[in-house]
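Work through these exercises with the coordinates open. Each task comes with a stepwise solution.

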Amino acid sequence: MLPVFRNAERTSNDNGASATQPAEGNPPVDPLLQVTGAGSDEPVNVPTIEASDSTFSDGSDLHEGKYFNTKKDLKRKLSDIAMKGNFEFRTRKSNRSLWVIECINPNCSWRLRASKIVPESTKFVIRKYVGVHSCSLLNRNANHRQATYVVIGEQVAPQYVGVEKGPGPKGVQTFARTELGAQISYYKAWRGRKHAHTLIRGSPEQSFHVLPSYFHMLEKLNPRTVTRIEVDGESRFKYLFLAFGVAIRGFRYMRKVVGIDGTFLKGQYRGVLLVATAQDGNGQCYPLAWGIVDSENEDAWSWFLTQLKEIIGDTDELALISDRAPSIKKAISTVFEKAHHGACAWHVAQNIKNKFKCADIMGSYWSAVNAYRCEDFTRYMIEISNRYPRVAEYLENEVGFEKWSRCHYPGLRYNITTTNMVESLNSMLVNARDFPYVALLDVIQEKNVQVVER
């Protein structure tokens, strides 16, 4: 039968300590150790343990009459005490209004009984408590059941506040060992870290739920900010678009060259982060618009570029620089009728090295890319043609001179020949790519402010 602690009538002894008034003919019983069998009023006496080398205190500040706001708070407190004391406990009885636990060693005296103050309340109070262990110190265990990933996550969560990265799983293992006295596996540390992330940044499901409200507040607090959310036929999230009002207003003073690219997200629901950025007169990155889509396909790029077109327009002075992915190429030609599309020269160079295995020609290639005069460009192309005719044919016919060379570009792309400005922004978010979407947007907003105030 499951033992429960019984309230005893108490009197004061000569030292002011409380004691139980025993029945006539029976020896005194310590009220902290007096229990009754479930469904019975007959007391079961647990032997009183004298202090000796085989006993030790759990070192806590718990006492009878101490209150906790919820049962969860009490359990968290006991788990913390158990980890730091290197002992384990087990639950003897638990329901909505009662919690009875004892040391995992059945012969140990350590135990606690707590219950609701009143049935209608959520507050729990400790009714009976014995904080001294009578089991051997040899039974103390640093790898115990109370060191769950939830408890570990709650304890380590403050270390993720205000930072993008925080400790990794090995760092969580170190924290548990040094701060909590618990030895945990790498997998448990990983789950604890994930739980801490959820406590601080919310879950992906919560992020989807609050996204409309989040965008509403952004528009309210940032005048002329543009936000869009696209859902499918079943009202499930599909795409989002965000352009801050200050970025939109400032674009008129930027070079009319916009780099666009995407980077994979690592959260539970994956996705791709799309970025559009410009440059100011000093060559500094100017974040313009952000989007999250399911993948880099033609539909996603067409939707994103349509939103982008609404804020930057479509003129023959506008240049769009990207890699040569077919989905981007087709989406740009469909959405932008007047703007000129240029290929990222770095991606073209990577294709050349991978396809033709001719890294030694890269010097001539980059000279041709940056050549301002057509005479200089022709000279460098002759050098390439003499050594690697197939490379020259690839650059002229398959890619097209007007896509990658500065002197043949039909518009004005200045000295912007690559999408490095987009890659720079992506590198700023490398530690936030596994965040839920709203937490990721918080980091984007912070980075955007830093760029504007620079």
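**Exercise 1.** Classify Val118 as buried, partly exposed or exposed.

Solution. The model is predicted. Step 1: the relative accessible area of Val118 is 38%. Step 2: buried needs under 20% and exposed needs over 50%. Step 3: Val118 is therefore partly exposed.

**Exercise 2.** Place Val118 in the fold and find its surface patch.

Solution. Step 1: Val118 sits in the loop between β10 and β11. Step 2: together with Tyr67 and Ile117, Val118 makes up a nonpolar surface patch. Step 3: the accessible area of the three together is about 270 Å².

**Exercise 3.** Check the span of helix α1.

Solution. Step 1: α1 has 15 residues, 71-85. Step 2: multiply 1.5 Å by one less than the number of residues. Step 3: the expected span is therefore 21 Å, and the end C-alpha atoms are 21 Å apart, so the two agree. Step 4: look just past the helix; Asn86 follows α1 with a positive phi, near 55 degrees.

**Exercise 4.** Which residues of α1 are buried, and what covers them?

Solution. Step 1: the buried set is Lys71, Leu74, Leu78, Ser79, Asp80, Ile81, Ala82, Met83 and Gly85. Step 2: their cover includes strands β7 (67-68), β8 (89-94), β9 (98-103), β10 (111-116) and β11 (124-130). Helix α2 (149-156) also contributes cover.

**Exercise 5.** Describe the charge environment of Asp261.

Solution. Step 1: locate Asp261 in strand β15, residues 257-264. Step 2: Asp261 is buried but has no salt bridge. Step 3: Arg433 is the nearest side chain of opposite charge, 11 Å away. Step 4: list contacts beyond four places in sequence; among them are Trp301, Asp323, Thr419 and Glu423.

Key: Residues numbered from 1 in each chain as written. Predicted model: local features only at pLDDT ≥ 70, side-chain atom pairs only at ≥ 80, totals over all residues. Heavy atoms only, no water. Helix = DSSP H or I, 4+ residues; strand = E, 2+ residues; numbered from the N terminus. Buried < 20%, exposed > 50% of the residue type's maximum accessible area, 1.4 Å probe, protein only. Contact = heavy atoms within 4.5 Å. Patch = residues over 30% accessible without salt bridge, like charges linked within 9 Å, V, L, I, M, F, W, Y side chains within 5 Å. Areas by Shrake-Rupley, 256 points an atom, 1.4 Å probe, with all protein chains shown as cover. Salt bridge = Lys/Arg side-chain N within 4 Å of Asp/Glu carboxyl O. Lys, Arg positive; Asp, Glu negative; His and termini not counted.
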